[in-house]
There are 2 protein chains.
Amino acid sequence: MATGNANSTVRTSYRHGDLRRALIEAGVDLAREGGPAAVVLREATRRAGVTPNAAYRHFADRQALLDAVCSSCQALVAYSIEADQAQVTTTDPVEAARLRFRAVGTGYLRFALEQPGQFQTAFSASSDMESATSSARAGASGLTPFQLLSQALDDLVTVRLLPPERRPAAEFLAWSSVHGLAELFIDGPLRALPDAVKQTLIVRVIDMVEKGL
Amino acid sequence: MATGNANSTVRTSYRHGDLRRALIEAGVDLAREGGPAAVVLREATRRAGVTPNAAYRHFADRQALLDAVCSSCQALVAYSIEADQAQVTTTDPVEAARLRFRAVGTGYLRFALEQPGQFQTAFSASSDMESATSSARAGASGLTPFQLLSQALDDLVTVRLLPPERRPAAEFLAWSSVHGLAELFIDGPLRALPDAVKQTLIVRVIDMVEKGL
DNA sequence: GCTGATATGTAGACGATGTCCACATGTGAG
DNA sequence: CTCACATGTGGACATCGTCTACATATCAGC
């Protein structure tokens, strides 16, 4: 095997340098190609040009690696949301808050459709409320997808588009709808729908949330 | 090994009798105990008191077995919905339609909370629109969970609680919300919530759907 | 009732995976 | 310079899905 390395840099030293990061990156690639089930420890080490056991110096077991990959994938979701939010240019603060709220949904669902494997991986590992706010899962703004949604809802209250008494737990209602649609799209019965119809459904679901919240 | 059998009936003949059914039932048990990943072909054959390869006389591969188990689990979801719907006793047809619609959501989510493993398995295998209406996934009424939802929405239109122009694709909006909440409950950030809070969220999500549809 | 084709189950093997234990070798602190 | 520790290697094991033979039970047709 020696320095046999499939990837970018050929390892010159005995030490890898940053194996932990390399394994996570390989895992993210695997997730893109085949979802969480494809995040295989041995294959990740293979791509990092390293023996399977080397992974155990950085991760307790495969699940720990998958957790780290999951966090990285959630950060990608955050970036996708931020990208959609950045396109809001209205100067009207009320309309801006409304559109930035909707952008959470569209960014989330756009990512789910563009990178289904990574999307599934992002929410495959069982995460609790604590890890939903971990900084490892944040985007450029330092906020996780969940926190981006919370903030958008707070802003909705600020501009009086959402009555304060309906604010509590609103993130779970909104998240449920959007996340459920993503699941139906990815491996649910809506998988085969033409893209235009999917886009229509996205708009309608977000309409429903906005109206029903 | 001979007639070594862990389950109910000891196999007396060389032939098993109904191995296909036995494997599916073992698979459903495994799903209850550990979700789709726990539906392991070899373990299912072990529980059926049979050699691993015997399964290949009835299923093309593990995925085929998992698909069958998935169908059985979806039937369980249908039964759960029907159970909740059966509790609606109002004589007022309008209120009855409304409550039967809500019962789709409560029955669905009650099953998700009571049998998370089977619930996840029910929607793990990638199903398309065709399999969502397969009779193997139906409950006592002969309807799949998806069809029960569609019927409830049709009834909502009949009693004029839902304008006909908003009927198209409404099942996907409602399903998204309820299914998404189930996912957040089972291995999302809402996993650790006390049961009472979960019940409140269920009511609120269904409220949102009813209001926003 | 016999016989042979077919359905069903068995036996053994292979490659892949996660993971364990023992060992080797860089690297940095003293 | 040396030695402890961090990091990677090598080999092994159990389990899993699946393949290729092989064996036996059951039923159709004579």
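# Close-up views of a predicted protein–DNA model

Thr144(B) is buried, with a relative accessible area of 1%. The model shown in these views is a predicted one.

**View 1. Thr144(B) sits in the loop between H5 and H6 of chain B.** The relative accessible area of 1% falls under the 20% below which a residue counts as buried. Apart from neighbours within four places in sequence, Thr144(B) is in contact with Ala78(B), Ala132(B), Thr133(B), Ser134(B), Arg137(B) and Ala138(B).

**View 2. Helix H4 of chain B comprises residues 93-114.** With 22 residues at 1.5 Å a residue, H4 of chain B should span 32 Å, and the 30 Å between its end C-alpha atoms agrees with this. At the start of H4(B), the backbone nitrogen of Val94(B) has a side-chain oxygen of Asp92(B) within 3.2 Å.

**View 3. Helices of chain B are among the elements that cover the buried residues of H4(B).** Ala96(B), Ala97(B), Phe101(B), Arg102(B), Ala103(B) and Val104(B) are among the buried residues of H4(B). The others are Gly105(B), Gly107(B), Tyr108(B), Leu109(B), Phe111(B) and Ala112(B). The cover over these residues includes helix H3 (62-86), helix H5 (116-122), helix H6 (145-158), helix H7 (170-187) and helix H8 (195-212) of chain B. An α-helix has 3.6 residues a turn, so residues three or four places apart point the same way.

**View 4. Chains A and B are superposed by a turn of 180°.** Chain B can be laid on chain A with an RMSD of 0.0 Å, and the shift along the axis is 0.0 Å. The two copies are therefore related as by a two-fold rotation axis. Of the interface residues of chain B, 100% are also interface residues in chain A, so the copies meet through the same surface.

**View 5. DNA strand C is surrounded by 23 residues.** The closest are Arg42(A) and Asn53(A) from chain A, with Thr51(B), Asn53(B) and Arg57(B) from chain B. Helix H2 (residues 41-47) of chain A gives the most to the surface near DNA strand C, with 3 residues. By type, the residues of this surface are 8 nonpolar, 6 polar and 9 charged. Sugar or phosphate holds 48% of the atoms of DNA strand C within 4 Å of the protein, and bases hold the rest.

**View 6. Phosphate oxygens of DNA strand C lie close to backbone atoms of Leu41(A) and Arg62(A).** The distance is 2.9 Å for a backbone N or O atom of Leu41(A). For a backbone N or O atom of Arg62(A), the distance to a phosphate oxygen of the strand is 2.7 Å. From chain B, a polar side-chain atom of His58(B) lies 2.8 Å from a phosphate oxygen of DNA strand C.

**View 7. DNA strand D has 23 residues around it.** Asn53(A), Arg57(A), Arg42(B), Arg46(B) and Asn53(B) come nearest. Of the atoms of DNA strand D that come within 4 Å of the protein, 49% belong to sugar and phosphate. Helix H2 (residues 41-47) of chain B gives the most to the surface near this strand, with 3 residues. The residues of the surface near DNA strand D divide into 8 nonpolar, 6 polar and 9 charged.

**View 8. Arg46(B) and Arg62(B) approach phosphate oxygens of DNA strand D.** An N or O atom in the side chain of Arg46(B) is 2.6 Å from a phosphate oxygen of the strand. Arg62(B) places a backbone N or O atom 2.7 Å from a phosphate oxygen of DNA strand D.

**View 9. His58(A) lies in the loop between H2 and helix H3 (62-86) of chain A.** A polar side-chain atom of His58(A) is 2.8 Å from a phosphate oxygen of DNA strand D. His58(A) is partly exposed, with a relative accessible area of 34%. Beyond neighbours within four places in sequence, His58(A) is in contact with Leu19(A) and Arg20(A). The C-alpha atoms of His58(A) and Arg21(A) are separated by 9.5 Å, although the two residues are 37 residues apart along the chain.

**View 10. Arg160(A) and Ala169(B) have positive phi values.** Most residues other than glycine have a negative phi. For Arg160(A), phi is about 65°. Arg160(A) is in the loop between helix H6 (145-158) and helix H7 (170-187) of chain A, and is exposed, with a relative accessible area of 75%. Phi of Ala169(B) is near 65°. Ala169(B) belongs to the loop between H6 and H7 of chain B, and is partly exposed, with a relative accessible area of 24%.

Methods:
Residues numbered from 1 in each chain as written. Chains lettered and ligands numbered in written order. Predicted model: local features only at pLDDT ≥ 70, side-chain atom pairs only at ≥ 80, totals over all residues. Heavy atoms only, no water. Least-squares fit on C-alpha atoms with pLDDT ≥ 70 in both. Contact = heavy atoms within 4.5 Å. Helix = DSSP H or I, 4+ residues; strand = E, 2+ residues; numbered from the N terminus. Expected span 1.5 Å × (residues − 1). Buried < 20%, exposed > 50% of the residue type's maximum accessible area, 1.4 Å probe, protein only. Polar contact = N/O pair within 3.5 Å; in protein donor to acceptor, adjacent residues only side chain to side chain. Near = heavy atom within 4 Å. Nonpolar A, V, L, I, M, F, W, Y, C, P; charged D, E, K, R; others polar.
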